[in-house]
Amino acid sequence: MKHPSAGGRFRSLDDIETLRLLAKKLGEGIYISDDSGEILDANPAFLSIFGVQSVAELGQFHAADLYADPERRDVWRNLLDRDGTVRDFEWELVRPDGQHRTVLDTSYVVTDPESGKRYYHGILVDISQRKEMESQLREQLTRDALTGCYNRRFLLDLEGELTATGEQRWGCIFIDIDHFKLYNDTHGHQKGDQVLARMARFLMRQVRAEEPVVRMGGDEFLIVVFGDTAERTEEVARRLQKAAARSSPVEFSLGWANRAEGESLKQTIDRADQKLIGVRVLSRSGDHPRLPDEMERRRG
């Protein structure tokens with residue numbers, strides 16, 4: 001590399017002013033911390049990511065205070081102890097104002113030959129916007145556009161998540177709208193779509209936010225219950241039966257099952273599907289779709 005000379009400044013990383021300008025102008029956060037967790041120095045981008053105005057203000061915080069999950073810092077430290085360097089280590093940073101930022105941390109350990117003290121030099125890249133876009137895209141891919149329910153792709157992701165976390169307790173409630181094809185053929189797809197959307201809203205009102213309602217396709221829906229499900233699954237199913245009389249947009253059948261030993265999510269769903277029983281809706285003019293006369297006579 002050519003050594004900087006008159007007129008050659010800013011052309012070489014050997015030039016001290018070039019390095020200072022790089023640290024000041026770089027959009028990524030640069031930091032130096034010691035083995036105790038004290039943040040000794042940082043560039044303007046790091047201060048901006050953390051939401052403070054000066055290094056002095058940053059010095060009020062211990063490095064562990066920055067982590068939403070302090071255990072992630074322990075993982076980072078262990079990697080540095082083992083390898084001496086870490087690349088693209090993802091963690092969630094918490095700012096003093098409570099905002100969260102997702103960052104990638106690339107860092108290495110340096111030891112002062114005179115004092116023997118260890119220091120960490122690193123670069124943080126704020127990927128919060130990218131993570132938000134990924135989350136939105138994932139949401140679009142796993143949501144049914146018509147009803148707002150989750151779709152079958154969500155179930156594939158859920159199965160993988162259950163396997164990864166070792167979760168073994170769940171229950172499934174399978175819901176099938178009665179005679180929907182006949183209604184759809186008679187009244188048209190637009191009216192049928194309205195029924196599906198109303199049915200989705202009805203189901204979502206009967207469950208907790210953490211209990212997903214999935215549109216399996218056509219006129220079939222699924223509710224997944226987690227945790228201590230033996231009583232909870234039946235409780236939700238009974239609530240649906242009771243609520244149907246006053247607010248369901250259409251008659252439906254439902255069946256439920258709790259996970260058996262060694263059973264996959266799909267197998268539990270299949271057992272719930274095999275246990276369908278009819279749920280009647282009180283007749284209220286205009287409140288729910290009227291079946292074609294032929295079907296009314298069959299029921300009659």
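**Helix contacts and one helix face**

Okay, let's start with two neighbours: Phe180, Tyr183, Asn184 and His187 in α7 meet His189, Lys191, Gly192, Val195 and Leu196 in α8. By class, that contact is made up of four nonpolar, four polar and one charged residues. Keep in mind that this is a predicted model.

So how do the two helices sit? Generally, you describe a packed pair by the angle and the distance between the axes. Here α7 covers residues 180-187 and α8 covers 189-205, and their axes come within 7 Å, crossing at roughly 140°. That makes α7 and α8 oblique to each other, because anything over 145 would count as roughly antiparallel.

Next up, α4. This helix runs over residues 70-83, 14 residues in total, and its first and last C-alpha are 20 Å apart, close to the 20 Å expected at 1.5 Å a residue. Which residues of α4 are buried? Those are Arg73, Trp76 and Leu80. Looking down the axis of α4, the buried residues fall within an arc of 60°, so they line one face of the helix. As a reminder, an α-helix has 3.6 residues a turn, so residues three or four places apart point the same way. The buried residues of α4 pack against β1, β3, β4 and β5. Over on the other side of α4, you've got Glu71, Asn78 and Arg82, which are exposed. Right after α4 comes Gly84, with a positive phi near 80°.

Last one: Lys24, in helix α1. Lys24 counts as exposed because its relative accessibility is 54%. Its C-alpha is 7.7 Å from that of Ala45, and these two residues are 21 residues apart along the chain.

Key: Residues numbered from 1 in each chain as written. Predicted model: local features only at pLDDT ≥ 70, side-chain atom pairs only at ≥ 80, totals over all residues. Heavy atoms only, no water. Axes fitted to C-alpha atoms, helices over the stretch in contact; angles between N-to-C directions. Helix = DSSP H or I, 4+ residues; strand = E, 2+ residues; numbered from the N terminus. Parallel < 35°, antiparallel > 145°, perpendicular 65-115°, else oblique. Contact = heavy atoms within 4.5 Å. Nonpolar A, V, L, I, M, F, W, Y, C, P; charged D, E, K, R; others polar. Buried < 20%, exposed > 50% of the residue type's maximum accessible area, 1.4 Å probe, protein only. Expected span 1.5 Å × (residues − 1). Arc of directions from axis to C-beta.
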